[in-house]
Amino acid sequence: MQSLDSTGELLGALVAAARPLSLRDLAAAAGMPPAKAFPHLVSLLKIGLLNRDAAGCFEAGPLALELGLIGLQRLSPTREAEPEVVELATSTGMSVAMAVLGPLGPTVVRLEESARPLHVSLRVGTVMSLVNTAIGRVFAAYVADDVRNGLLAQDHLRLAGAEEREIFASSSPSQPQPQPQPQLTKAYAQRLAQIRADGIDTALSRPVPGINTLAAPVLDHTGSICLVLALMGPSGSFDSDLAGGPAQTLRAATLRLSRRFGWMVGAAEPENAASAGDK
């Protein structure tokens, strides 16, 4: 059992590093001498849980990759997020919404009311604006450009939706294109870039006066957005500062879920999502 514990510490250290490690660095990260770590690593190499790259550093092996894929295939984002939704509502005393990207746009699929329910028009099945709601803007910040633009064209149909003229900048007649691509307004593109930088967005008394919202994304192993969790509370008693307690609690919850779905801290964003802020 002690041997298994040591092996587990080495695997845990490699996962935490999120990159290949040399024998010395891996042993140091696991808090053991290299001479003690080496026999465990040899055993892990033999069974395929570890591999060594061209530089001789240890990394995940074929068996580890197969186990990881099996685990990812069995995960249901909404089911896995359910305990976090309940815990968020309990620990913060606020209402919590969970939304996924449905065929009509960002759609609320779970709503955990606080002890003092909010008088809002939000219900399970509500489709949120990508422009005027925090939940919608978080989705807009992380989806691919073509997906975002297609959804934005119909934003006026959603809760607190915006007309197309409020979203897309008018194209310059001096630069004709055979198939012109819509350009986001500068303010909206900058807002999406800021959401990606902060990993969270806020809506103050919008779309419902007197109700503040914090929303954050849950990402998968590819960096794609799975769902959004949001905290909602009365503006008079809700600390909506992005450095405040509720925001930190929400970030911690979405980070735990993202890690569970295979996302690694510091992983690169999808190319399409990252480009929106440059337009």
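I took two strands as paired if DSSP finds at least two bridges between them. The model I examined is predicted.

**Entry 1: strands S3 and S4.** I looked up the pairing of S3 with S4 and found seven bridges joining these antiparallel strands. A hairpin of two residues connects S3 to S4. I noted one bridge pair by name: Val100 has Thr107 in S4 as its partner. I then checked burial in S4 and found six of its eight residues buried, so I recorded the strand as mostly covered.

**Entry 2: the largest nonpolar core.** I listed 35 residues in this core, and those touching the most other members are Ile135, Leu152, Ile167, Leu184, Tyr188 and Ile225. Among the elements that each supply at least two residues are strands S3 (95-102) and S4 (105-112) and helices H6 (134-142) and H8 (186-198). H6 contributes the most, with seven residues. I followed Ile135 further: leaving aside residues up to four places away in sequence, Ile135 touches Ala97, Ala99, Pro106, Met128, Ala215, Val228 and Ala230. Another core, of 22 residues, lies apart from the largest one and includes Val96, Val100, Leu214 and Cys226.

**Entry 3: helices H6 and H8.** I asked at what angle H6 and H8 pack. The angle is about 85°, and the axes are 9 Å apart. Angles of 65 to 115 degrees count as roughly perpendicular, and H6 and H8 are therefore roughly perpendicular to each other. From H6, I found Arg137, Val138, Ala140, Ala141 and Tyr142 meeting Tyr188, Arg191, Leu192, Ile195 and Arg196 of H8. By class, I recorded seven nonpolar, three charged and no polar residues in this contact.

Terms used. Residues are numbered from 1 along each chain as its sequence is written. This is a predicted model: local features need pLDDT of at least 70, side-chain atom pairs count only at pLDDT 80 or more; totals for chains, interfaces and linings use all residues. Side-chain values use heavy atoms; hydrogens and water are left out. A nonpolar core is a set of buried Ala, Val, Leu, Ile, Met, Phe, Trp, Tyr and Cys residues joined through side-chain atoms within 4.5 Å. Buried means under 20% relative accessible area, exposed over 50%, partly exposed in between (1.4 Å probe, protein chains only). Helices (H or I, at least four residues) and strands (E, at least two) are DSSP runs, numbered from the N terminus. Contact means heavy atoms within 4.5 Å. Axes are lines fitted to C-alpha atoms, for helices over the stretch in contact, and angles run from 0 to 180 degrees between N-to-C directions. Angles under 35 degrees count as roughly parallel, over 145 as roughly antiparallel, 65 to 115 as roughly perpendicular and the rest as oblique. Ala, Val, Leu, Ile, Met, Phe, Trp, Tyr, Cys and Pro count as nonpolar, Asp, Glu, Lys and Arg as charged, and the others, Gly among them, as polar.
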